[in-house]
Amino acid sequence: MFDFLIEGFGVALTPLNLGLAFLGALLGTLFGALPGIGPINGIAILMPLAYTLGLPAESALILLAGIYTGAEYGGRMSSILLNVPGDAGAVMTTLDGHPLAKKGLAGPALGLSAVSSFVGATIAILGLTLFAPLLAEVAVMFGPAEFFALMVFAFSSMSVMMGKDPIKTAIGAVLGVLIATVGVDSGTGVMRFTFGLPELYDGIDFVVMIIGLFAISEILLMLEHANRDDVDSELPPLGRVFVSIKEILFCKGAMLRSSLIGFIIGVLPGTGASVAGAVAYTTEKRLSDKEGTFGHGDMRGLAAPEAANNASAAGSFVPMLTLGIPGSGTTAVLLGALMLYNITPGPMMFTERPEVAGGLIASLYIGNLVLLALNLPLAGVFARVLTIPRWVLVPAIAILAFVGVYQLHSDLTAIYLMLIIGVFGYLLRKLGFSLAPVILGYVLGGLMEQNLRRALSISGGDVGILWQSGISLGLWIAAAALLVLPWLLPKLLPNRRQEAPIEDD
Amino acid sequence: MKLAADRLLGFMLIGLAAFVAVQAINLEIPFSYEPVGPRAFPLGLAILLAGLSLVLVLRPGEDGHWPTGPLALKLVLVLALLLTYAILFIRLGFVPTSLLVVAALARLFGASWAKAWITGIALAVGSYLLFTSGLGIGLPTGTWLGAII
């Protein structure tokens, strides 16, 4: 049953892939540490380069997954030191992490968060190894109708869990799916929404879409962040980055509980690290905050969201690798990256492309060890990254975005399209939209339509096929239940502190 | 009825939904054995979008903070710079265009003139070397260079 993992370690331990796992971990931590550049931006910027370099699919995926998991480590740096979350997953880390740094405990806080991240990621990777093959075996039985129902379930789970406004999440997802319909219709060869532009015949290019939506809109948003006043600009003294066994044991309950919460939320399609961090923090606060120390620098309040957001990152690979349904915005981007290689992740991947699925999982084990080894002694070095001024960072992002898109076809149309999408992304973010649903809709839209049409072809046009099987009926009921639940149990959902400019992973 | 940002957005999205629907209906479809053609899916999405947008029109959320005054001007300037970058990218070549755009961007994001120029030179030349020699990516050298030689 674990043959894929043995083969995977064979793939992941080749010098090239080992080097890429290391590079991904390093770059990911850097990207996570830089405020404004989260995992999606990091992947968006580097994906075209990985593609140009001619890396094989599994190597590219190992590099990009390393960036993803690394960014979840790096996000804590600016949360703890500057009270600015480096990415959405680290929002809750500010609540107790920054007070600790203010008390002069920045070093221990960084050390503890690295250990919590490691624990969370390890538990979730073990869970991924155990559950992914099982789920893949179930998913082999899925037909087009089941997949269609599953995608509907993914979108409804996302609408409920993500962001403060379910309507806007749903609109974002619909817009994403609509964007995916641009181009030649695969069934009939009819042009849809191409307006006679040959550049749009193949649809809106994935790289153009990702870089425009995330990198360009980020440049525009950064202009406003530049003059925010709730932010410390001076780094507090770091001290020694060290964590004692006593502190780890004090937080072990928080770490273990939050790791499980994070993993489960990560597995749920459409919900990512920010939700995991929020749920873990509020749960831990309810369970352990007897003296009212949470929010004033309680170690457990730091360990909980850090364990959870790293666990959810690994957990979100479960639906992506087994069902082809991403568990988070970032895995949606990774899924799109795999599609560039003509690999459609799904239940057959474990049997047909074990080197990709296994190699990725094995590299997560390796990357996690590398990250712990990098983050404990080198936290001081990474912290220095935070002092890179915006006037260097922003032009650097612009150059990477332009080169990344230019090298696709060596023409300008793609660049203009990227800028238009960037403005669109900026407006959406200003209007309180999260971009993760848009990207999830864009990545899944094509598959969603294909599965729907295939199902109806099988049934000869009878829509009843969509809920005929037990699995699909169950998924429809689960999707409906998720949409109704928030009205029935309003107290079940914790208050989520989410600021508009912070993008979900 | 107060005109909130969400309300405006809602109306625009309803307009988009109508546009999508009209476009989808007007698609000319060759004969096919499939029961569902390329029309149905976008049409369904348009209806869904219109319905959701109607909720937005009826129950708009808060307006949020929009940049005003000098900040809005800066925003337009950054956009204009990015557009300039795109227009000159091939004609003027990667290094000179990047140098000018990076320096201007750095200046807009608060660098002094000296720092802005140093950033421009360092990033333009450094990234050119990294991309071309390091990663083997071809970047435009500019059409003017050929005209001189």
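This report walks through how chain B sits against chain A, then turns to chain B itself and to the salt bridges. Keep in mind that the model is predicted.

**The interface**

Let's start where the two chains meet. On the chain B side 61 residues are in contact with 60 residues of chain A. Together the two chains bury about 5300 Å², and 86% of that area is on carbon and sulfur atoms.

What about charge pairing? Across this interface the rule finds one salt bridge. The partners are A:Lys168 and B:Asp6, whose side chains meet at 2.9 Å, N to O. Polar contacts across the interface come to two residue pairs, both at pLDDT 80 or more.

Five helices of chain B, namely α1 (5-25), α2 (40-58), α3 (69-91), α4 (94-108) and α5 (113-134), each supply at least two residues of the side that touches chain A. The largest share goes to α3(B), with twelve residues. Sorted by class, the side of chain B that touches chain A holds 46 nonpolar, ten polar and five charged residues.

**Chain B on its own**

UniProt, in an unreviewed entry, lists residues 40-59, 71-94 and 114-131 of chain B as "transmembrane region". Here is how two of those spans look in the model:

| Span of chain B | Helix | Strand | Distance between end C-alpha atoms |
|---|---|---|---|
| Residues 40-59 | 95% | 0% | 29 Å |
| Residues 71-94 | 92% | 0% | 29 Å |

The domain assignment splits chain B into domain 1 (1-66) and domain 2 (67-148). The C-alpha centres of domain 1 and domain 2 of chain B lie 38 Å apart.

**Salt bridges beyond the interface**

Over all chains, the salt bridge count comes to ten. One of them is within chain A: A:Glu218 pairs with A:Arg429, with the closest N and O atoms 2.8 Å apart. Which parts of chain A does this pair tie together? A:Glu218 lies in helix α9 (residues 206-225) and A:Arg429 in helix α19 (residues 413-430), so the salt bridge links parts of chain A that are 211 residues apart in sequence.

Conventions. Residues are numbered from 1 along each chain as its sequence is written. Chains are lettered from A and ligands numbered from 1 in the order in which they are written. This is a predicted model: local features need pLDDT of at least 70, side-chain atom pairs count only at pLDDT 80 or more; totals for chains, interfaces and linings use all residues. Side-chain values use heavy atoms; hydrogens and water are left out. Contact means heavy atoms within 4.5 Å. Buried area is the accessible area (1.4 Å probe) that two parts lose on being put together, summed over both. A salt bridge is a side-chain nitrogen of Lys or Arg within 4 Å of a carboxyl oxygen of Asp or Glu. A polar contact is a pair of N or O atoms within 3.5 Å; within protein, one must be able to donate a hydrogen and the other to accept it, and residues adjacent in sequence count only if both atoms are side-chain atoms. Helices (H or I, at least four residues) and strands (E, at least two) are DSSP runs, numbered from the N terminus. Ala, Val, Leu, Ile, Met, Phe, Trp, Tyr, Cys and Pro count as nonpolar, Asp, Glu, Lys and Arg as charged, and the others, Gly among them, as polar. UniProt positions are given in the numbering used here, feature names are shortened, and annotations may be inferred rather than shown by experiment. Domain bounds come from an automatic or database domain assignment.
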